[in-house]
Amino acid sequence: MSLLATHDLTVRFGGHVAVNGVTCAFQPGTLTAIVGPNGAGKTTYFNLISGQLKATGGRVTLDGHDLSGMPASERTRAGLGRAFQLTNLFPRLTVLENVRLAVQASGDGKHRRGLNLWSIWSDHRELIERAERILVTVGMSGKQGELVASLPHGDQRKLEVALLMALGSQVFMFDEPTAGMNAAEAPVILNLIRKLKEDPSKTILLVEHKMDVVRELADRIIVLHNGALVADGEPAEVIASPIVQEAYLGVSAQAASSQDGTPPQPGLPPRGGRSEDK
Ligand SMILES: Nc1ncnc2c1ncn2[C@@H]1O[C@H](COP(=O)(O)OP(=O)(O)O)[C@@H](O)[C@H]1O
Ligand SMILES: [Mg+2]
């Protein structure tokens, strides 16, 4: 069980405060959606939590342990899993070999105990069995012999989630996970997030601007605006609050409940060069 928390977390870029004193705790078994207009600081907040970016103030803790001084790789080892940031997919190895290596990397030295052939063989079996179970969980067991380089984009993303599982991540962070995915791939990733949610020991953070997705998946919504936390609560309550409707999400009540998932965002700056999701 891992409780992730940020305490007065802040980062300044020159004179601009991109994340401004955010104090928030994230419970295991809870999916928290992080919403807010483009440029609100959502990605920067993730970067500060995962260690891609160094805070200028405040702290990040996991189960009370201060991670603030750690580089991203150590935070990953501590249990923070930032999806789709992994650079350690091995394209020329198979799907199973990739997951097996991640399972092995998560080991605490147990799988490096000298030249006893019997224990090497049984460790190897155990690693492979764990990797196979994870591939069943993410629905990729039929592809375990395929080379990663030959996988479609959606499968590579599923595999990245499998690697986080294999590494023993307690916290899963998704920043607009379906951005850039085609209509067939997006539901696959959303299903995977639904599946992760079934595990009460996992803490899930999801940045998502599609309100129908947020409405369905979130147990809680927090709203960032100009780097500050401006709302936090039950999804229905936060979505319905006038402050979120009008000022922060920039959507009308009608649009927020529409089914197309891409509500208009009048009054917000353009979405900075990234193509709109389907
Ligand atoms: N490395 C950086 N240097 C300078 N400004 C940055 C940097 N990263 C983000 N910003 C600025 O911080 C603000 C928040 O950006 P971002 O976290 O990407 O917003 P969001 O993900 O909510 O759309 C924006 O004004 C952005 O231009
Ligand atoms: Mg962003």
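These notebook entries record what I looked up in a predicted model of a protein with one ligand shell examined.

**Confidence**

I began with the confidence of the predicted model. The mean pLDDT of the protein is 86, and 84% of its residues reach 70 or more. I then noted residues 256-278, where pLDDT stays under 50. For that stretch the model has 38 contacts beyond four places in sequence.

**Ligand 1**

I next listed the residues around ligand 1. They are Phe13, Ala18, Gly36, Asn38, Gly39, Ala40, Gly41, Lys42, Thr43 and Thr44. Sorted by character, the shell holds three nonpolar residues, six polar and one charged. Which element gives the largest share of this shell? I found it to be helix H1 (residues 42-50), with three residues.

**Helix H5**

I turned to helix H5, which covers residues 153-166 and has 14 residues. From its first C-alpha to its last, H5 reaches 20 Å, and this is close to the 20 Å expected at 1.5 Å a residue.

Is H5 largely enclosed or largely open? I counted 11 of its 14 residues as buried, so the helix is largely enclosed by the rest of the structure. The buried residues are Asp155, Arg157, Lys158, Leu159, Glu160, Val161, Ala162, Leu163, Leu164, Met165 and Ala166.

I also looked up what covers these buried residues. The cover includes two strands, S6 (80-82) and S7 (171-175). It also includes helices H3 (95-105), H4 (117-137) and H6 (185-197). Just after H5, I noted that glycine 168 takes a positive phi of about 85°.

**Positive phi outside glycine**

I then recorded two residues other than glycine with a positive phi, aspartate 8 and asparagine 226.

Aspartate 8 has a phi of about 50° and lies in strand S1 (residues 4-13). Is aspartate 8 buried or exposed? It has 12 C-beta neighbours inside 10 Å, and the limit for an exposed residue is 12 or fewer, so aspartate 8 counts as exposed.

For asparagine 226, phi is near 50°. Where is asparagine 226 found? I placed it in the loop between strand S9 (220-225) and strand S10 (228-233). Asparagine 226 has 16 other C-beta atoms within 10 Å, and I therefore entered it as partly exposed.

How values were computed
Residues numbered from 1 in each chain as written. Chains lettered and ligands numbered in written order. Predicted model: local features only at pLDDT ≥ 70, side-chain atom pairs only at ≥ 80, totals over all residues. Near = placed C-beta within 6 Å. Helix = DSSP H or I, 4+ residues; strand = E, 2+ residues; numbered from the N terminus. Nonpolar A, V, L, I, M, F, W, Y, C, P; charged D, E, K, R; others polar. Expected span 1.5 Å × (residues − 1). Buried ≥ 20, exposed ≤ 12 C-beta atoms within 10 Å, placed from the backbone. Contact = placed C-beta atoms within 7 Å. pLDDT = per-residue confidence, 0-100.
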